[in-house]
Amino acid sequence: MEKEAFFDMSYGLYIITSKFEDEFAGCIVNTVVQATSEDKPKLVVIVNKENTTNEVMKKSKKVNISILSNKADMLLIGKFGFRNSKEFDKLKDTEYILGTNNIPIVTEKVVSYVEANIIEEIDTGTHTVFILEATNSKKISCEEPLTYKYYHEVIKGKTPPKASSFSR
Ligand SMILES: Cc1cc2nc3c(=O)[nH]c(=O)nc-3n(C[C@H](O)[C@H](O)[C@H](O)COP(=O)(O)O)c2cc1C
């Protein structure tokens, strides 16, 4: 199998956030896909079972998705993509608002956001595939959305082992 073939797949980059009672968690993912475009569009997001965000999403059954802009920097990506929500307050010094579902939505270096309910979970071993139904969405900036390719080639970012894609 040639790993290089998988590097040709295109992705965006997102910050997903969830909260159950007083426990907040959020992380970077590249695995958000729109599955249907009905009245309440359905989406898919894939999250590693070792990530605190996975644990909190399973309890709250809600998640918010912030679509990062290509102005996002390694300070923001490092905070959400390389640290554990249990050990680090990721909302400290981060711009965010509260969603209609009362869960924080990161708005810093973000072009749009979606609020969603989790309607199904599929266990794939290392990761959980969450099926979502959108409940609200908003465009907040006209900047360009960040792609995985731009992250690697321009921001020179790395991919940690818990990401769903192969790392370069
Ligand atoms: C560029 C990038 C892409 C990532 N993609 C994913 C992904 O698709 N799924 C995932 O579960 N984790 C992904 N991660 C890793 C999580 O963001 C990381 O493990 C985070 O520290 C988890 O935080 P938490 O334990 O507070 O949830 C990615 C990280 C980066 C930097």
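Which helices and strands each supply at least two residues of the shell around the ligand? In this predicted model, they are β2 (23-29), β4 (42-48), α2 (52-60) and α3 (74-81).

## The ligand shell

The ligand is surrounded by 26 residues. Asn 51, Thr 53, Gly 81, Ser 85 and Ala 163 are the closest. Among the contributing elements, β2 gives the most, with four residues.

By class, the shell holds 12 nonpolar residues, 12 polar residues and two charged ones.

## The sheet

Seven strands make up an open sheet, and their pairing is antiparallel. The order is β2-β1-β5-β8-β9-β4-β3. β2 and β3 are the edge strands, each pairing on one side only. On average, neighbouring strands are turned by 35° against each other, direction ignored.

Two helices meet these strands. α2 packs on the sheet and touches β1, β2, β4, β5, β8 (110-123) and β9. The direction of α2 makes about 50° with that of β1. α3 lies across β1 and β2. Its run is at about 120° to β2.

## Strand β1 and its partners

β1 pairs with β2 in the antiparallel sense over seven bridges. Lys 19 has Phe 24 in β2 as its bridge partner. The two strands form a hairpin with two residues between them. Glu 21, in the turn, has a positive phi of about 50°.

β1 also runs antiparallel to β5, and four bridges join the two. Here Ile 15 stands opposite Ser 66 in β5. How far is β1 enclosed by the rest of the structure? It is largely enclosed, because six of its seven residues are buried.

## Strands β3, β4 and β9

Strand β3 (residues 32-36) pairs with β4 in the antiparallel sense over four bridges. One pair is Thr 36 opposite Lys 42 in β4. A hairpin through five residues joins β3 to β4.

β4 also pairs with strand β9 (residues 127-139), antiparallel, over seven bridges. There, Ile 46 has Val 129 in β9 as its bridge partner.

## The core and helix α3

The largest nonpolar core has 35 residues. Which of them touch the most other members? They are Tyr 14, Ile 16, Val 29, Val 45, Ile 65 and Leu 68. Leaving out residues up to four places away in sequence, Ile 16 touches Gly 26, Cys 27, Val 29, Val 45, Thr 53, Val 63, Asn 64 and Ile 65.

α3 has its own buried residues: Leu 76, Ile 77, Lys 79, Phe 80 and Gly 81. A lysine is thus listed beside Leu 76 and Phe 80. The cover over these buried residues includes β1 (14-20) and β2. Gly 81 also appears among the closest residues to the ligand.

## Val 63

Val 63 belongs to strand β5 (residues 62-68). Is Val 63 buried or exposed? It counts as buried, because it has 28 C-beta neighbours inside 10 Å, where 20 or more are required.

Setting aside neighbours within four places in sequence, Val 63 is in contact with Ile 16, Thr 17, Ser 18, Val 45, Met 57, Ala 116, Ile 118 and Leu 132. Val 63 and Ala 134 lie 71 residues apart in sequence. In space they are 9.4 Å apart, C-alpha to C-alpha.

## Positive phi in two loops

Most residues other than glycine have a negative phi. Lys 61 is not a glycine, yet its phi is positive, at about 60°. Lys 61 sits in the loop between α2 and β5. It counts as partly exposed, because it has 15 C-beta neighbours inside 10 Å.

Asp 93 also has a positive phi, near 60°, and is a residue other than glycine. Its place is the loop between α3 and β6 (96-98). Asp 93 is exposed, with 10 other C-beta atoms within 10 Å; the cut-off for exposed is 12 or fewer.

Key
Residues numbered from 1 in each chain as written. Predicted model: local features only at pLDDT ≥ 70, side-chain atom pairs only at ≥ 80, totals over all residues. Near = placed C-beta within 6 Å. Nonpolar A, V, L, I, M, F, W, Y, C, P; charged D, E, K, R; others polar. Pairing = 2+ DSSP bridges. Contact = placed C-beta atoms within 7 Å. Core = buried A, V, L, I, M, F, W, Y, C linked by C-beta atoms within 7 Å. Axes fitted to C-alpha atoms, helices over the stretch in contact; angles between N-to-C directions.
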